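The following exercises are intended for a reader who meets this structure for the first time. Each task is followed by a solution that proceeds step by step.

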Amino acid sequence: MDRGRINENVIPRNMLPKTNKAFRNLRILQVALTLLVLVLAAALKVVIILYFQGKNDQLESAKISNEALKRQNKILMQRISESAAVYNGSLYHFSCGRMSWKDAEEYCVSRGSHLTSVTSEKEQEFIYKKGNGTIFWIGLDKQKSSNWMWTDGTPFDESPNKMFWSPGEPNNENNIEQCVNFRTVGLKFWNDEACYKHFKFICKRDCGSSGLCK
């Protein structure tokens, strides 16, 4: 047997510890990578669960918001229904907010109407019953004239309308009362008042062919 060839195939003893150490390091790295993969997989699973849970929470929140909007819309439509009324071919809007006479008229005009005129005792009765005791601005003033005038251009007839004034009115107290409001507790409750004061108001427009009164 050739001893030289045998010696070539034998691993030197001083190399064995290094080989075993490298193998152990490789095993440790393999285990660490396996653990890392497991941790990442678990983390991914948690993220997916949280994602879909968040989606469900968002969906539930959207449902709640939608229900809230439906309730608010129902309340709004109810208020609109309560604040609007039709009489003798005209649509009336009884405001919820308060404004000066000038701002109230501008508000009405911006919506295709004017502060209401009153042309008959029946219309006066309709307004006071609908007004439920509240004070409203109406479209009667004399800021630009010495005579009372309706803002919608309806001629003011002093004779039939004088029955609607409260006793002792109009009195133009302190020479500043040039606008008229109506305390809706009866037929005879018109009062001249300072135009800058804030009251609720009534807008009126002719329905015509617009279909608003249907």
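**Exercise 1. Determine how much surface the protein chain exposes, and which atoms supply 57% of it.**

Solution. The protein chain of this predicted model exposes about 15,100 Å². Carbon and sulfur atoms supply 57% of that area. As for the interior, buried residues account for 26% of the 214 residues in the chain. A nonpolar patch on the surface, of about 510 Å², is formed by L44, V47, I48, Y51 and F52. Of these residues, Y51 belongs to helix α2, which spans residues 16–83. Y51 counts as partly exposed because its relative accessibility is 48%, and the partly exposed class runs from 20% to 50%.

**Exercise 2. State the order of the helices and strands, and describe the contacts of the chain.**

Solution. The chain contains 5 helices and 8 strands. Read from the N terminus, the elements follow the order α-α-β-β-α-β-α-β-β-α-β-β-β. Contacts are then considered between residues at least 6 apart in sequence; 70% of these join residues at least 24 apart.

**Exercise 3. Identify where confidence is lowest and where it is highest.**

Solution. The mean pLDDT of the protein chain is 81, and 73% of the residues score at least 70. Confidence is lowest in helix α1 (residues 3–9), with a mean of 49. It is highest in strand β3 (residues 114–115), at 98. Residues 1–6 have a pLDDT below 50, and this stretch makes 1 contact in the model beyond near neighbours in sequence.

**Exercise 4. Examine the salt bridges and classify their residues as buried, partly exposed or exposed.**

Solution. A search of the whole structure yields 4 salt bridges, and three pairs are treated here.

- *K102 and E106.* The closest N and O atoms of this salt bridge are 2.7 Å apart. The two residues are separated by about one helical turn, because they lie 4 residues apart in helix α3 (residues 101–110). E106 is partly exposed, at 43% relative accessibility.
- *E125 and K129.* Here the closest N and O atoms are 2.9 Å apart. Both residues lie in helix α4, 4 residues apart, or about one turn of the helix. E125 has a relative accessibility of 30% and is therefore partly exposed, whereas K129, at 53%, is exposed.
- *K197 and E193.* The N to O distance in this salt bridge is 3.1 Å. K197 is partly exposed at 32%, while E193 has a relative accessible area of 10% and is therefore buried.

**Exercise 5. Find how far K129 lies from T184 in sequence and in space.**

Solution. K129 is placed in helix α4, which covers residues 121–131. In sequence, K129 and T184 are 55 residues apart. In space, their C-alpha atoms are 7.0 Å apart.

**Exercise 6. Describe the backbone geometry at P170, N174 and N175.**

Solution. The general expectation comes first: most residues other than glycine have a negative phi, and most peptide bonds are trans. The peptide bond from E169 to P170 is cis, with omega near -5°. P170 is located in the loop between α5 (158–161) and β6 (177–183). N174 lies in the loop between α5 and β6, and its phi is positive, about 60°, although it is not a glycine. N175 is also found in that loop and has a positive phi of about 60°. The relative accessible area of N174 is 63%, so N174 is exposed. N175, with 63% relative accessibility, likewise counts as exposed.

Note on methods: Residues numbered from 1 in each chain as written. Predicted model: local features only at pLDDT ≥ 70, side-chain atom pairs only at ≥ 80, totals over all residues. Heavy atoms only, no water. Patch = residues over 30% accessible without salt bridge, like charges linked within 9 Å, V, L, I, M, F, W, Y side chains within 5 Å. Areas by Shrake-Rupley, 256 points an atom, 1.4 Å probe, with all protein chains shown as cover. Salt bridge = Lys/Arg side-chain N within 4 Å of Asp/Glu carboxyl O. Buried < 20%, exposed > 50% of the residue type's maximum accessible area, 1.4 Å probe, protein only. pLDDT = per-residue confidence, 0-100. Contact = heavy atoms within 4.5 Å.
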